[in-house]
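Hi everyone, thanks for making the time today. I'd like to walk you through a structure that is new to most of us, so settle in and have a look at the screen.

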Amino acid sequence: MSLNETNQIVEKLFPFVEKFVKDELDQTLLLDDVNDTAPCISFVTEDSRKINYNVAGGYDGEFNFTIYYKVKNKETKERLQATKTLNYIGVFFDEATQKGILPYLNEVDNPVSLEMISNPTLNTREENGNIVYSAGYSFIYRHRN
């Protein structure tokens, strides 16, 4: 996947997810910063790739990313809320895919799906007792030549 494609996807996908987090969760989405209890998105481009090439020179692109959620409270209720939030984002992605309201890329790259690809899991346990959960998501788009 080219640097141009990666940049374009990040520029379109981040505001799409950010708007959902702000409107539905009443929180601020951070980019690559797990220093707060707000959800944090990280674009893991080494896992992104071109798949399903066709004879006309087109392909499907798979762009994978992770969303993190830090819990500062040691209560089980707060920990469950973190995994619930990450799952809720996955539900939103499924609904956006079904309704066809995915972020527009450009005239040759069309969004196909946005989905959760790994369940929320404990990612990091910090010395101060904070816990970071994460879940993996994937954005598929179709490139036409």
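Let's start at R142, which counts as partly exposed, at 41% relative accessibility. Keep in mind as we go that this is a predicted model. Which side chain does R142 meet in a salt bridge? That would be D60, with 2.8 Å from N to O. D60 itself is buried, and its relative accessibility is 8%. Now look at where the two sit: D60 belongs to strand β4, residues 59-71, and R142 to strand β6, residues 131-143, so this pair ties together parts that are 82 residues apart in sequence.

R142 has another neighbour that I'd like to show you. V108 touches R142, along with H143 and R144, leaving aside residues up to four places away in sequence. You'll find V108 in the loop between α2 and β5, and with a relative accessible area of 28% it is partly exposed. If you follow the backbone here, the C-alpha atoms of V108 and H143 are 5.6 Å from each other, while 35 residues separate them along the chain.

Back to salt bridges for a moment. How many does the protein have? The count comes to three. One of them joins K70 to E126, where the closest N and O atoms are 3.1 Å apart. K70 is in strand β4 and E126 is in the loop between β5 and β6, so here the pair ties together parts 56 residues apart in sequence. Is K70 buried or exposed? Buried, at 6% relative accessibility. Its partner E126 is partly exposed, at 25%.

Then there is the bridge between the side chains of K19 and D23, at 2.4 Å from N to O. These two are four residues apart in helix α1, which puts about one helical turn between them. K19 is exposed, with a relative accessible area of 52%, and D23 is partly exposed at 45%.

While we are on helix α1, please find E5, which is also in that helix. E5 counts as buried, with 9% relative accessibility. What does E5 touch, beyond residues up to four places away in sequence? The answer is K50, Y59 and Y141.

Now for the aromatic rings. There are ten aromatic pairs in total. Let me pick one of them, F20 with Y88: the ring centres are 5.5 Å apart and the planes make an angle of 50 degrees, so the pair counts as tilted, a label for angles that are neither under 30 nor over 60 degrees. F20 lies in helix α1, residues 3-25, and Y88 in helix α2, residues 76-99, so the pair ties together parts 68 residues apart in sequence. F20 is buried, at 6% relative accessible area, whereas Y88 is partly exposed, at 35%. Both rings belong to one aromatic cluster, made up of F16, F20, F43, F63, F65, Y88, F92, F93 and Y137. It's worth turning the model and finding those rings for yourselves.

Let's step back to the whole chain. The protein has two helices and six strands, and reading along the sequence gives the pattern α-β-β-β-β-α-β-β. Its radius of gyration is 16 Å, close to the 15 Å that the globule rule gives for 145 residues, so the protein is as compact as a globular protein of that length. The C-alpha trace spans about 55 × 30 × 20 Å along its principal axes.

A few totals help to fill in the picture. Of the 145 residues, 47% count as buried. The protein exposes about 8100 Å², and carbon and sulfur atoms supply 46% of that area. Taking the contacts with a separation of 6 or more, 61% are between residues 24 or more positions apart.

Finally, how confident is the predictor in all this? The average pLDDT is 88, and 95% of the residues score at least 70. Which element has the lowest mean pLDDT, and which the highest? Strand β3, residues 49-51, has the lowest at 78, and strand β5, residues 109-125, has the highest at 94.

That's my tour, so thank you all for listening.

Methods: Residues numbered from 1 in each chain as written. Predicted model: local features only at pLDDT ≥ 70, side-chain atom pairs only at ≥ 80, totals over all residues. Heavy atoms only, no water. pLDDT = per-residue confidence, 0-100. Phe/Tyr/Trp six-rings, centres within 6.5 Å; stacked < 30°, edge-to-face > 60°. Buried < 20%, exposed > 50% of the residue type's maximum accessible area, 1.4 Å probe, protein only. Contact = heavy atoms within 4.5 Å. Rg over C-alpha atoms; globule rule 2.2 N^0.38 Å. Areas by Shrake-Rupley, 256 points an atom, 1.4 Å probe, with all protein chains shown as cover. Salt bridge = Lys/Arg side-chain N within 4 Å of Asp/Glu carboxyl O.
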